[in-house]
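Good morning, and thank you for making the time. I should like to take you through one structure, element by element. Please look at the sequence and the model before I begin.

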Amino acid sequence: MGIELASAARVAPLEKAVPVVTTYCSHSSLQIFHGARAEGLGTLGIAVGKPPRYYEAFPLARPDRFLSLGALADLGEHAADLRREGAVVVPTGSFVEYMGPERFDALDVPIFGNRKVMAWESDREKEREWLERAGVPMPRKYADLSAVDGPVIIKYYGAKGGKGFYLAKKREELDQFQPTGPYVIQEYVVGTRYYVHMFYSPLSQDGYRVRHGSIELLGMDRRDEANIDELYKLGAQEGLRRAGIRPTFVVTGNVPVVLRESLLPQVLDIGARIVDTSVDLFGGMVGPFCVEGIVTEDLSFKVFEISTRIVAGTNLFVSGSSYSDYVAPQLSTGRRIALEIQRARSEGRLREVLS
Ligand code: ATP
């Protein structure tokens, strides 16, 4: 038996009822509902205001029912009903962000994955501690501005979508830097970005083994980021700064990519180290996660961030990807979540994948 994340009381109703995969109507909800329906699970969409109409355009990904709220913050008031109905809440970036991580953490409804991961992901220092402990190669961190001796990216704490990040090619360019909050100074890694979609199952004994279970590589994307991706067309950074144009990294879309096959051992090893260390630190990061990194010209993969839940880049691979096709046919991350819930239920191990 593996590590138990949820109390027996919290998952008890689920041992009888058909699990109802429940998520916020945004982000990757179409894929999550589509995968749950394919595996015969119930589906419930959490909407703020009226149920969104866009599901009418996608009948195979429409939830069976909606729960309409005045605000996402009110979801906790419905916890007892949701538990009774067998809800399993699937976290997404938008869900956690708009509800607020503290409120989400306090939700007394079974959540797919380990809710303890949120404390480790939301704090840049803690996330670094986790990755360093795992021995994962990362961009160098500078203690202060005077130590900078190369290109840097300055990130504010909690800045979503890289808002207000400051780029500088050298120390002198930081003279004009006026911080607007707590920040970290990171080496700007010159290379190509890859966002690697993985899944950790503590139940599976097949495939790429880690200490308790195994990991799967389900897909990979690159994010389109406004305005940085097109900024070069306007000229060099200094000129842009003088013109008052600052780079931002707001994700506007995703494109599919594959890595050179010779780099796969590196990324799988990184995924395994991150998972094994998560088990030591807080009982394990169960389910989907994304390793976000940059491959340099000497072919080393440096991790600048991990997302500890389903990422929107997985929406590219509703019918499978160049990697998941080698794991199982038609395997989206949404469907993989549903399969894990089904397996845990049939083996009486829900407490290992829910919290
Ligand atoms: P989100 O919450 O949207 O994931 P964030 O605010 O946590 O974003 P990061 O994911 O750390 O910020 O970085 C945003 C973007 O900045 C990345 O997708 C990448 O394009 C760029 N970036 C981040 N770190 C580095 C780095 N060390 N070197 C070069 N580019 C970087």
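Two strands are said to pair if DSSP finds at least two bridges between them. Helices (H or I, at least four residues) and strands (E, at least two) are DSSP runs, numbered from the N terminus. This is a predicted model, in which local features need pLDDT of at least 70 and side-chain atom pairs count only at pLDDT 80 or more, while totals for chains, interfaces and linings use all residues. Residues are numbered from 1 along each chain as its sequence is written, and side-chain values use heavy atoms, with hydrogens and water left out.

I begin with the parallel sheet. Strands β1 and β4 pair in the parallel sense over 3 bridges, and valine 20 has alanine 87 in β4 as its bridge partner. They belong to an open sheet of 4 strands, ordered β3-β2-β1-β4, with parallel pairing. At its edges lie β3 (65–69) and β4 (87–89), each of which pairs on one side only. From one strand to the next the twist averages 30°; angles here run from 0 to 180 degrees between N-to-C directions, and axes are lines fitted to C-alpha atoms, for helices over the stretch in contact.

The loop between β1 (20–24) and α2 (29–38) holds histidine 27. Most residues other than glycine have a negative phi. Histidine 27, which is not a glycine, has a positive phi of about 65°. Is this residue buried, partly exposed or exposed? Its relative accessible area is 26%, so histidine 27 is partly exposed; buried means under 20%, exposed over 50%, and partly exposed in between, with a 1.4 Å probe and protein chains only.

Next, α2 and its partner. The axes of α2 and α11 are 7 Å apart, and the two helices pack at an angle of about 45°. They are therefore oblique to each other, given that angles under 35 degrees count as roughly parallel, over 145 as roughly antiparallel, 65 to 115 as roughly perpendicular and the rest as oblique. Their crossing is right-handed, meaning that the near helix is turned clockwise from the far one by less than a right angle, whereas anticlockwise would be left-handed. Among the residues in contact (heavy atoms within 4.5 Å) are Ile32 and Gly35 of α2, and Gly334 and Ala338 of α11.

I turn now to α10. With 19 residues (264–282) at 1.5 Å a residue, helix α10 should span 27 Å, and its end C-alpha atoms are indeed 27 Å apart; the expected span is 1.5 Å times one less than the number of residues. Because 14 of its 19 residues are buried, α10 is largely enclosed by the rest of the structure. Helix α7 (residues 124–133) comes within 9 Å of α10, axis to axis, and crosses at roughly 120°. This pair, too, is therefore oblique, and the crossing is right-handed. From α7, Trp130, Leu131 and Arg133 meet residues of α10 that include Ile274, Leu281 and Phe282. After α10 comes glycine 283, with a positive phi near 95°.

Finally, the hairpin. Strands β13 (residues 287–295) and β14 pair in the antiparallel sense over 6 bridges, with cysteine 290 opposite serine 307 of β14. Between the strands are 5 residues, and leucine 299 in this hairpin takes a positive phi near 65°. Strand β14 (residues 301–307) is mostly covered, with 5 of its 7 residues buried.
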